[in-house]
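Colleague: Hi! Could you walk me through this one before I head back to the bench?
Modeller: Happy to, just pull it up and ask away.

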Amino acid sequence: KTQMMMGSASSSFRPAGSSSSDSRLFGVALAVLGPWRVLGALLNGVSDCDEVYNYWEAAHLLCCGASGFQTWEYASTYALRSWAFVVPFGLLSRVVGFVGTRICLGVASALAEAD
């Protein structure tokens with residue numbers, strides 16, 4: 001059960017029962033993990049061909065249309081994979097691009113790990 005309460009001196013919200021040391025620890029963890037995840041998104045290439053053809057290529061097809069390549073797993077003839085996982089990445093890529101999508105995933109990862 002999560003209850004939210006307003007901090008007394010500031011207008012920020014935090015979970016009921018959390019202490020200021022928990023908030024500081026979260027902030028430190030986020031300050032350490034966040035830049036590493038963003039750098040990873042910017043500097044690391046996509047090294048796994050399955051990752052490219054199973055997810056990023058399908059997202060590119062949704063984002064850019066005819067310039068994308070539809071893999072056989074997503075073709076209506078076979079329909080081995082669901083588009084439900086790929087659609088959010090395709091829509092996000094349309095707004096912020098490929099690298100921006102990777103940065104968003106890195107930030108989400110850092111937030112989850114810091115918590």
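Colleague: Let's start with A79: which loop does it lie in?
Modeller: A79 sits in the loop between α2, residues 49-64, and α3. Keep in mind that this is a predicted model.

Colleague: Got it. And what is the phi of A79?
Modeller: The phi of A79 is positive, about 45°, although A79 is not a glycine. For background, most residues other than glycine have a negative phi.

Colleague: Let me step back a bit. How many helices and strands are in the protein chain?
Modeller: The protein chain has three helices and two strands. Along the sequence they follow the pattern β-β-α-α-α.

Colleague: What share of the residues in the protein chain is buried?
Modeller: Of the 115 residues, 24% are buried. The chain exposes about 7,900 Å², and carbon and sulfur atoms supply 63% of that.

Colleague: And the contacts: how much comes from residues 24 or more positions apart?
Modeller: Such residues account for 51% of the contacts, counting those with a separation of 6 or more.

Colleague: New topic, charges. How many salt bridges does the structure hold?
Modeller: There is one salt bridge. R37 pairs with E113, and their closest N and O atoms are 2.9 Å apart. The pair links distant parts of the chain, with R37 in helix α1 (residues 20-43) and E113 in helix α3 (residues 87-114), 76 residues apart.

Colleague: Are those two side chains buried or exposed? R37 and E113, I mean.
Modeller: Both fall in between: R37 is partly exposed at a relative accessible area of 28%, and E113 is partly exposed at 42%. As a general point, side chains of opposite charge can pair when their charged atoms come close.

Colleague: What else is R37 in contact with? I'm thinking of A110.
Modeller: Yes, A110 is in contact with R37, and also with L30, L33 and G34, leaving aside neighbours within four places in sequence. A110 lies in helix α3 and is buried, with a relative accessible area of 1%.

Colleague: How far apart are A110 and L30?
Modeller: They are 80 residues apart in sequence, and 6.2 Å apart in space from C-alpha to C-alpha.

Colleague: Now the cysteines. How many disulfides does the count come to?
Modeller: The count is zero disulfides. The sulfur of C64 is the nearest cysteine sulfur to that of C63, at 3.7 Å, and C63 is in no disulfide. C64 is in no disulfide either. A disulfide needs the two sulfur atoms within 2.5 Å, so a pair at 3.7 Å does not count as one.

Colleague: Is C63 buried or exposed? And C64?
Modeller: C63 counts as buried at 18% relative accessibility, whereas C64 is partly exposed, with a relative accessible area of 40%.

Colleague: Which residues does S93 touch?
Modeller: S93 touches C63, F98 and T101, not counting residues up to four places away in sequence. S93 lies in helix α3 and counts as buried at 8% relative accessibility. In space, S93 is 7.5 Å from A59, C-alpha to C-alpha, while the two are 34 residues apart in sequence.

Colleague: A59 is new to me. Which residues does A59 touch?
Modeller: A59 touches V86, F89 and G90, again leaving out residues up to four places away in sequence. A59 also belongs to the largest nonpolar core, a set of five residues with A58, Y74, V86 and F89. In soluble globular proteins, nonpolar side chains tend to be buried together.

Colleague: Which residues form the aromatic cluster?
Modeller: Y55, W56, F85, F89 and F98 form one aromatic cluster. The count of aromatic pairs comes to six. F89 is in that cluster and in the largest nonpolar core as well.

Colleague: Last one, N44. Where does N44 lie?
Modeller: N44 lies in the loop between α1 and α2. It counts as partly exposed, at 48% relative accessibility. Leaving aside neighbours within four places in sequence, N44 is in contact with L39 and R102.

Colleague: Great, thanks for the tour!

Note on methods:
Residues are numbered from 1 along each chain as its sequence is written. This is a predicted model: local features need pLDDT of at least 70, side-chain atom pairs count only at pLDDT 80 or more; totals for chains, interfaces and linings use all residues. Side-chain values use heavy atoms; hydrogens and water are left out. Helices (H or I, at least four residues) and strands (E, at least two) are DSSP runs, numbered from the N terminus. Buried means under 20% relative accessible area, exposed over 50%, partly exposed in between (1.4 Å probe, protein chains only). Contact means heavy atoms within 4.5 Å. Accessible areas come from the Shrake-Rupley method with a 1.4 Å probe; for residues, only the protein chains shown count as cover. Rings of Phe, Tyr and Trp (its six-membered ring) pair if their centres lie within 6.5 Å; planes under 30 degrees apart count as stacked, over 60 as edge-to-face and the rest as tilted. A salt bridge is a side-chain nitrogen of Lys or Arg within 4 Å of a carboxyl oxygen of Asp or Glu. A nonpolar core is a set of buried Ala, Val, Leu, Ile, Met, Phe, Trp, Tyr and Cys residues joined through side-chain atoms within 4.5 Å.
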